[in-house]
Amino acid sequence: MRLRTRIGRGGDYPATKSPLHIPAKQRLRDAMVGAVCRVVGVFATPWLRPPRGTWHMPRRIVVLKPCCMGDVLFTTPLLAAIKAAYPASHLTVATSAWCASVVVDNPHVDAVMDVPPQIGVRDLRRVAALLREGGYDTALVPDRSPLLGVIVALAGIPRRVGLNSDGRGMLYTDRVPVPPDGTMHEAALYSRLGTAIGAPPLAGRGTEYRPPTDDLAAMDARIAAAGWQSPLWIIHPGGGVNPGTAFPPKRWLPDRFAALADGLLRDHGGTVLLLGTLTDADAVAAVRAAMHGAAVDLTDTLLFGAWQALAHRADLYIGNDTGMTHLALAGGTPTVAIFGPTSSIQYGLYGENGMMAVGRVPWSPCWRNGSLACTCGTIQCMRSVPVSAVRAAADRLWGVAG
């Protein structure tokens with residue numbers, strides 16, 4: 001997988017003054033969950049052996065990945081591998097309505113099942129019943145939650161393949177080991193589930209997304225009517241908000257986005273398009289206010305399909321580590337992503353024609369165990385990414401694409 005990465009280096013931050021802090025209550029809870037799962041796994045193992053020593057060829061397969069958008073997108077190389085190995089199989093993706101648009105038009109997916117974005121104990125019976133009705137013989141769970149393993153077991157699915165992080169895969173018939181965080185990309189890890197059932201990853205396959213044809217046609221008409229001149233530079237300064245979670249520290253500084261946009265206009269001309277949802281409005285407004293040149297503010301004016309159709313027609317897409325940025329790359333658009341708190345190795349762009357500007361301080365990355373462990377208050381990793389690093393990445397991609 002070809003990934004071009006340019007690093008934005010930070011200032012002088014003594015490693016002895018690391019602001020990382022994981023609350024003792026969270027550490028204790030994680031340790032207790034892991035211990036309970038490992039004990040259950042020891043007793044469950046004898047009951048998880050394949051019938052007569054082997055499994056039948058999978059015919060009805062479900063991939064259970066409720067959230068979030070970028071993570072669901074990371075399953076697309078796995079979906080392609082499954083269909084390549086078992087073209088006659090029926091493949092369902094069980095995900096939330098928030099994420100369904102990522103896979104609903106995927107050519108390798110036969111059906112999409114709606115499940116809650118964050119499944120809790122109260123949802124176990126209902127979601128298990130939905131899965132049971134599907135009559136699946138194989139379930140793949142690219143997730144670390146032990147509750148999802150409980151669900152596919154309650155659903156009576158004979159073969160259950162899932163990630164075994166700290167013993168949390170105790171109820172899977174095929175437990176796929178999880179390396180330490182930050183050492184393997186999530187998409188590559190998810191693809192190991194396919195390997196377990198005889199569907200190894202396809203060489204060179206990145207993430208995959210194509211906007212619906214109708215949305216592309218409508219966007220072409222809108223671009224022509226608006227008179228937006230090429231090159232089209234998309235700037236998405238927001239992101240980091242999903243159902244039940246908000247992670248604004250993933251956002252680069254608005255004044256730097258503005259300086260970057262002004263530089264592209266000055267040197268190449270074209271049109272700067274500022275994208276964002278309603279939750280991004282403040283970030284977009286700050287960028288627009290700091291710019292000297294003109295920009296088109298499309299905040300909260302585009303539905304998902306139109307957004308991605310516009311991204312598909314853009315000459316360059318620049319954004320933070322968000323699902324929309326990953327989708328732009330998956331659709332084939334030259335894309336620059338800016339990383340700080342999250343690991344660019346584990347959650348970075350996955351595919352061709354992408355570059356990452358990565359902010360680093362001695363304690364990076366500080367997204368640990370599913371939450372922000374940094375208490376520096378200023379998100380120094382994002383501040384350590386200079387405009388020059390992002391511009392260099394943009395120029396390199398523009399040189400390839402232009």
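The points below concern selected strands, helices, loops and internal spaces of a predicted model.

1. Strand 14, residues 335-339, is mostly covered, with five of its five residues buried. Its side chains divide between two directions: Thr335, Ala337 and Phe339 point one way, while Val336 and Ile338 point the other way. In a regular strand, side chains alternate between the two faces of the sheet. Both sets of residues in strand 14 are buried.

2. Strand 14 has pairing partners in strand 13 and strand 15. With strand 13 (residues 316-320) the pairing is parallel and runs over four bridges; within it, Gly319 has Ala337 of strand 14 as its bridge partner. Between these two strands the chain passes through helix 12 (residues 323-330), and the resulting β-α-β crossover is right-handed. Strand 15 (residues 354-360) also runs parallel to strand 14, and five bridges join the two. Here Phe339 is bridged to Val358 of strand 15. Ala337 and Phe339, which serve in these bridges, are among the residues of strand 14 that point one way.

3. Helix 11 (residues 304-313) is likewise mostly covered, since eight of its ten residues are classed as buried. The buried residues are Phe304, Gly305, Ala306, Trp307, Gln308, Ala309, Leu310 and Ala311. Their cover includes helix 2, helix 8 (213-226) and helix 12, together with strand 8 (232-236), strand 11 (271-274) and strand 13.

4. Which helix gives the most to the lining of the second largest cavity? Helix 11 does, with three residues. Helix 11 and helix 12 each supply at least two residues of that lining. The full lining consists of Tyr209, Pro211, Gln308, Ala311, His312, Leu327, Ala328, Gly331 and Thr333. By class, these residues are five nonpolar, four polar and no charged. The volume of this cavity is about 30 Å³. Gln308 and Ala311, both in this lining, also appear among the buried residues of helix 11.

5. The model has two cavities of 30 Å³ or more. The largest cavity holds about 50 Å³ of space. Its lining is formed by Arg144, Val178, Pro179, Pro180, Asp181, Gly182, Thr183, Met184, His185, Glu186, Leu189 and Gln346. In this lining, five residues are nonpolar, four polar and three charged.

6. The second largest pocket contains about 190 Å³ of space. It is lined by 14 residues, of which Gly206, Thr207, Leu329, Ala330 and Glu352 lie closest to its centre. The lining comprises four nonpolar, six polar and four charged residues.

7. Two loop residues merit separate mention. Leu349 is located between helix 13 (344-347) and strand 15, and it counts as buried because its relative accessibility is 1%, under the 20% cut-off. Its C-alpha atom is 8.7 Å from that of Asp321, although the two residues are 28 places apart along the chain.

8. Is Lys65, in the loop between strand 2 (60-64) and helix 2 (69-73), buried or exposed? Lys65 counts as buried because its relative accessibility is 5%, against a cut-off of under 20%. Beyond its neighbours within four places in sequence, Lys65 is in contact with Asp71, Val72, Thr75, Ala94, Thr95, Pro142, Asp143 and Tyr190. The C-alpha atoms of Lys65 and Val115, 50 residues apart along the chain, are separated by 9.0 Å.

Definitions and conventions: Residues are numbered from 1 along each chain as its sequence is written. This is a predicted model: local features need pLDDT of at least 70, side-chain atom pairs count only at pLDDT 80 or more; totals for chains, interfaces and linings use all residues. Side-chain values use heavy atoms; hydrogens and water are left out. Buried means under 20% relative accessible area, exposed over 50%, partly exposed in between (1.4 Å probe, protein chains only). Two strands pair if DSSP finds at least two bridges between them. A crossover is right-handed if, with the strands pointing away from the viewer, the path from the first strand over the helix to the second runs clockwise. On a 1 Å grid over the protein atoms alone, a cavity is a set of points where a 1.4 Å probe fits but cannot get out, and a pocket is an open set with protein on both sides within 12 Å along at least five of seven lines; lining residues have an atom within 4 Å of a point. Grid points are joined across faces, edges and corners, and a volume is the space filled by probe spheres set on the points. Ala, Val, Leu, Ile, Met, Phe, Trp, Tyr, Cys and Pro count as nonpolar, Asp, Glu, Lys and Arg as charged, and the others, Gly among them, as polar. Contact means heavy atoms within 4.5 Å.
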